[in-house]
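Some labels attached to a structure rest on a cut-off, and it helps to see each value set beside its cut-off. The questions below do this one label at a time.

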Amino acid sequence: MCRPTHGIATDGAHSTKNRLTRYRAVDISTGEELFSVSLGFQTINIGEFLGVVEAVKYIIANGYSPRTIYTDSTTAIAWFKAKRTASKKRNPALQKAEVFLKAFAAEVETIEVLHWDNREWGEIPADYGEK
């Protein structure tokens with residue numbers, strides 16, 4: 001498969017040193033940043049998952065097409081498909097995300113969340129470039 005040229009790319013970043021977790025999304029075709037959110041000190045998996053959920057909300061709210069999201073996080077994809085997380089952290093944003101995914105399940109099911117292959121395609125366009 002060739003490197004995707006359309007859809008939304010999401011990525012999370014977690015810095016233990018700065019005690020900061022964040023996520024963002026980028027329109028793959030234009031490179032435009034669609035949103036960027038700082039969560040405080042959480043985990044990378046929480047950041048990656050909330051990035052996917054926020055991208056789902058963006059697609060629904062804006063009628064964005066194609067209804068495709070890419071993430072390099074297999075955990076975020078698994079949590080998204082299950083509509084629940086396996087995080088031990090109690091975080092209100094996680095709980096709201098789970099409720100949203102279940103409440104809007106019919107709409108959510110029309111959105112594809114696919115794995116971005118960093119080895120084949122290079123870093124995901126939403127990458128923070130801090131590695």
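Helices, of H or I type with at least four residues, and strands, of E type with at least two, are DSSP runs numbered from the N terminus. In those terms P66 is placed in the loop between α1 and β4. The model is a predicted one.

Q: What makes the peptide bond from S65 to P66 cis?
A: The omega angle of the bond from S65 to P66 is near 5 degrees, and the bond is cis. P66 itself belongs to the loop between α1 and β4.

Q: Why is D11 called buried?
A: The relative accessibility of D11 is 3%, and because buried means under 20%, D11 counts as buried. D11 sits in strand β1, which spans residues 8–15. Apart from neighbours within four places in sequence, D11 has contacts that include R22, Y23, R24, E48 and D72, as well as I124, A126, D127 and Y128.

Q: Why is α1 called oblique to α2?
A: Helix α1 (residues 44–62) and helix α2 (residues 74–82) pack at an angle of about 55 degrees, their axes being 8 Å apart. Angles under 35 degrees would count as roughly parallel and those from 65 to 115 as roughly perpendicular, so the angle falls in neither class and α1 is oblique to α2. The crossing of α1 past α2 is right-handed. On the α1 side the contact is made by N45, I46, E48, F49, V52 and V56, and on the α2 side by T75, A76, W79 and F80. By class, the residues of this contact are 7 nonpolar, 2 polar and 1 charged.

Q: What makes the pair R24 and E33 a salt bridge?
A: The side chains of R24 and E33 meet at 3.0 Å, N to O, and since a salt bridge requires a side-chain nitrogen of Lys or Arg within 4 Å of a carboxyl oxygen of Asp or Glu, the pair qualifies. The structure holds 3 salt bridges. R24 has a relative accessible area of 17% and is therefore buried, whereas E33, at 40%, counts as partly exposed.

Q: How do you know that R67 and E107 form a salt bridge, and why does the pair tie together separate parts of the chain?
A: The closest N and O atoms of R67 and E107 are 2.8 Å apart, and the two residues form a salt bridge. R67 lies in the loop between α1 and β4, while E107 lies in helix α4 (residues 105–108), so the pair ties together parts that are 40 residues apart in sequence. R67 is partly exposed, with a relative accessible area of 26%, and E107 counts as partly exposed at 32%.

Q: Why is E109 called exposed and K83 buried, when their side chains meet in a salt bridge?
A: The side chains of E109 and K83 meet at 2.3 Å, N to O. The pair links E109, in the loop between α4 and β5, with K83, in the loop between α2 and α3, 26 residues apart. E109 has a relative accessible area of 54%, and because exposed means over 50%, E109 is exposed. K83, at 12%, is under the 20% limit and therefore counts as buried.

Q: What makes phi of R19 and phi of K83 worth a remark?
A: Phi of R19 is near 50 degrees, a positive value in a residue other than glycine, and phi of K83 is likewise positive, near 60 degrees, again in a residue other than glycine. R19 lies in the loop between β1 and β2, and with a relative accessible area of 53% R19 is exposed.

Note on methods:
Residues are numbered from 1 along each chain as its sequence is written. This is a predicted model: local features need pLDDT of at least 70, side-chain atom pairs count only at pLDDT 80 or more; totals for chains, interfaces and linings use all residues. Side-chain values use heavy atoms; hydrogens and water are left out. Buried means under 20% relative accessible area, exposed over 50%, partly exposed in between (1.4 Å probe, protein chains only). Contact means heavy atoms within 4.5 Å. Axes are lines fitted to C-alpha atoms, for helices over the stretch in contact, and angles run from 0 to 180 degrees between N-to-C directions. Angles under 35 degrees count as roughly parallel, over 145 as roughly antiparallel, 65 to 115 as roughly perpendicular and the rest as oblique. A crossing is left-handed if the near helix is turned anticlockwise from the far one by less than a right angle, and right-handed if clockwise. Ala, Val, Leu, Ile, Met, Phe, Trp, Tyr, Cys and Pro count as nonpolar, Asp, Glu, Lys and Arg as charged, and the others, Gly among them, as polar.
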